[in-house]
Amino acid sequence: MDEFIIQIIIAAIGISLITSALGCFVIWKKMAYFGDSLAHASLLGIAIGILFSIDINLMILATTIFFAVILGFLQNRNFLSNDALLGILAHGGISLAMIIISFSHANFDLEGFLFGSLLFVENKDILLIYLALFIIYPIIFLNWQKFILLTLNSDIACSMGINPAKYRMIFTILIALTITITIKITGVLLVTSLLIIPASISRIISKSPNQMLLFSTIISVFSSILGSILSYQFDLILGPTIITITIIIFSLVIIPIINLKTILNIKQSSLIFLAKICKKP
Amino acid sequence: MQQNLISLQNINLKFTGKNILENIDLDIKKGDFLTIIGPNGAGKSSLIKIIIGSLKPNSGKIKRNKDLKIAYVPQKMEINKTIPINAKYFLKLNQKIDQKLFQKITHDLKISDFLNTSLSNLSGGQRQRILLTKALLSEPNLLILDEPAQNLDISGQLEFYSYINKLHKEKNISILMVSHDLHIVMSSTKKVICLNHHICCQGEPKIIAQNPDFKEIFGNDMNKLISIYNHYHDHHHG
């Protein structure tokens with residue numbers, strides 16, 4: 001194996017350690033669409049960064065935090081529902097980005113930014129990923145119980161002296177940071193899948209929050225290592241390869257659950273149906 | 001003069017231009033047992049949320065004693081099935097647990113049978129007892145309950161209120177409670193606060209039952225209650 005694939009694997013492991021942990025909270029707080037919209041809108045940051053030759057990572061982080069703050073402000077106003085606001089944000093961001101890109105004459109690898117590309121991952125990105133890991137992990141683990149309590153009932157948390165607004169802000173910044181470092185691997189369109197798929201699989205097989213975190217991490221790390229190797233060996237696009245592996249695991253876990261119930265139902269209803277037909281003269 | 005645990009001065013709360021709370025002055029002292037009653041939408045839950053700090057009033061002062069330790073039991077807790085969590089894990093969230101106290105409360109509130117049950121599989125009554133347990137495990141000196149007996153049947157309600165009374169007497173925990181159970185509230189001797197955006201009247205049930213404001217808000221309900229009692233009475237002796 002050459003240095004390049006090892007570099008990719010190290011980056012993918014770092015990212016999956018972060019996304020699997022934060023993903024549990026995205027599932028619990030039902031914020032999948034929130035993450036998705038921020039990620040899509042961050043294309044605007046990429047476009048601006050390229051047009052004015054500003055560091056792209058910095059621009060992604062700035063746009064996601066900026067949009068998250070605006071969203072928080074508008075959500076408190078209750079004029080519009082959350083899903084409408086998120087839709088406006090995502091599509092507005094993408095549209096503006098495309099217009100800005102058409103102005104810039106720089107060589108812009110749109111497909112790479114939409115779906116991720118191996119070629120984007122440099123040494124400085126790996127450094128950034130592990131720097132983010134060292135910021136995000138202590139915050140999550142030191143506040144693990146507080147975050148869970150806030151998710152279950154923010155009033156109880158508040159009565160125990162936990163400030164919901166502060167933790168909401170911390171969480172939003174962590175999501176923005178995660179999106180920033182993940183985009184190069186998965187692309188703008190697929191960032192959220194690394195957050196939600198491993199955690200969703202894990203939800204089905206877990207009995208406690210700690211278990212859910214553990215299984216989510218194992219599934220995520222396994223998928224990203226296997227995905228990196230397969231994508232290198234068979235010259236596949238990286239992000240979609242990793243995500244396809246997680247989807248296969250998801251299917252394997254969910255099919256037995258669906259099967260039992262639906263097969264029983266189908267048998268029953270088809271028997272009733274047959275009986276009805278046979279009765280007819 | 002007993003020390004104030006918390007003191008609200010001239011609290012005003014507006015929401016989308018509507019006055020929810022107007023000029024609320026409220027002192028809660030050590031050993032108090034206060035019950036807030038009022039019609040739907042009177043601002044009862046908002047007042048509670050201001051006291052626990054999850055809502056900020058538009059104006060007014062809140063003074064908290066440095067010894068104040070609040071525990072809060074909400075009306076109900078939304079079921080979130082996406083979190084795999086059982087009752088025991090929930091009770092331990094964000095607090096150190098004294099084993100002796102834990103044993104005693106689980107025994108008193110009869111929750112030991114479903115400690116390992118997932119929160120989302122508990123009945124309304126069971127979940128309410130778990131919420132009270134969590135509140136008590138933090139050893140508060142002010143227990144705040146928002147319609148705590150809402151999901152319980154009549155015997156469950158009586159049991160719940162008698163347990164709260166016991167806590168108040170034996171442990172000297174101050175209690176602030178929102179209640180819709182007029183038949184229980186008005187038959188006790190604890191201080192009642194009648195809230196309808198502002199504090200209409202307050203005092204012992206005997207006294208406020210004569211208050212014109214109270215009669216205007218609750219007159220019909222009280223008459224119904226009295227007729228139920230009369231019916232009940234007839235039934236036994238007639």
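In this predicted model, strand 3 (residues 33-37) and strand 8 (residues 191-196) of chain B run parallel to each other and are paired over four bridges. One of the residues involved is B:Ile37, whose bridge partner in strand 8 of chain B is B:Cys194. Strands of a sheet are held in such pairs by backbone hydrogen bonds, in either a parallel or an antiparallel arrangement.

The pair belongs to an open sheet of six strands in chain B, with the order 5-6-7-3-8-9 and mixed pairing. At the edges of the sheet stand strand 5 (70-73) and strand 9 (198-203) of chain B; each has a single partner strand, so one side of each lacks a neighbour in the sheet. On average, and with direction ignored, neighbouring strands of this sheet are turned by 15° against each other. Helix 1 (residues 44-52) of chain B lies across five strands of chain B, namely strand 3, strand 5, strand 6 (142-146), strand 7 (174-178) and strand 8. Relative to strand 6 of chain B, helix 1 of chain B runs at about 150°.

Two loop residues of chain B have a backbone feature worth checking in the viewer. B:His197 sits in the loop between strand 8 and strand 9 of chain B. Its phi is positive, about 70°, although B:His197 is not a glycine. Is B:His197 buried or exposed? B:His197 has 20 other C-beta atoms within 10 Å, and therefore counts as buried, since 20 or more is the cut-off. B:Lys110, also not a glycine, has a positive phi near 50°. Its place is the loop between helix 3 (99-108) and helix 4 (124-137) of chain B. B:Lys110 is exposed, because 11 other C-beta atoms lie within 10 Å and the limit for an exposed residue is 12 or fewer.

Chain A is built without strands: eleven helices and zero strands are found in it. Along the sequence the pattern reads α-α-α-α-α-α-α-α-α-α-α. Taken along the principal axes, the C-alpha atoms of chain A fill a box of roughly 80 × 55 × 35 Å. Of the 281 residues in chain A, 42% are buried. Among contacts in chain A between residues at least 6 apart in sequence, 74% join residues at least 24 apart.

Helix 2 (residues 32-51) of chain A has 20 residues, and its first and last C-alpha atoms are 30 Å apart, close to the 28 Å expected at 1.5 Å a residue. Helix 2 of chain A is mostly covered, with 16 of its 20 residues buried. Just after this helix comes A:Ser53, which takes a positive phi of about 50°.

Helix 7 (residues 144-152) of chain A contains the buried residues A:Lys146, A:Phe147, A:Ile148, A:Leu149, A:Leu150 and A:Thr151. What covers the buried residues of this helix? The cover includes helix 1 (3-28), helix 8 (154-159), helix 9 (164-205) and helix 10 of chain A.

Helix 10 (residues 209-233) of chain A holds A:Ile225. This residue has 18 C-beta neighbours inside 10 Å and so counts as partly exposed. Leaving aside residues up to four places away in sequence, A:Ile225 touches A:Ile9, A:Ala12 and A:Ile13. A:Pro209 lies 16 residues from A:Ile225 in sequence, and the two C-alpha atoms are 24 Å apart.

The two chains meet in a contact that takes 19 residues from chain B and 23 residues from chain A. On the side of chain B that touches chain A, helix 1, strand 5 and helix 2 (87-92) of chain B each supply at least two residues. The largest share, three residues, comes from strand 5 of chain B, which is also one of the edge strands of the sheet. By class, this side of chain B has twelve nonpolar, six polar and one charged residues.

The predictor's own scores should be read alongside these features. The complex receives an ipTM of 0.88 and a pTM of 0.87. Chain A has a mean pLDDT of 89, with 94% of its residues reaching 70 or more; for chain B the mean is 87, with 92% of its residues reaching 70 or more. Among the elements of chain A, the highest mean pLDDT (96) belongs to helix 7 and the lowest (80) to helix 11 (residues 238-279).

Conventions
Residues are numbered from 1 along each chain as its sequence is written. Chains are lettered from A and ligands numbered from 1 in the order in which they are written. This is a predicted model: local features need pLDDT of at least 70, side-chain atom pairs count only at pLDDT 80 or more; totals for chains, interfaces and linings use all residues. Two strands pair if DSSP finds at least two bridges between them. Axes are lines fitted to C-alpha atoms, for helices over the stretch in contact, and angles run from 0 to 180 degrees between N-to-C directions. Two residues are in contact if their C-beta atoms, placed from the backbone, lie within 7 Å. The expected span of a helix is 1.5 Å times one less than its number of residues. pLDDT is the predictor's confidence in each residue, from 0 to 100. Ala, Val, Leu, Ile, Met, Phe, Trp, Tyr, Cys and Pro count as nonpolar, Asp, Glu, Lys and Arg as charged, and the others, Gly among them, as polar.
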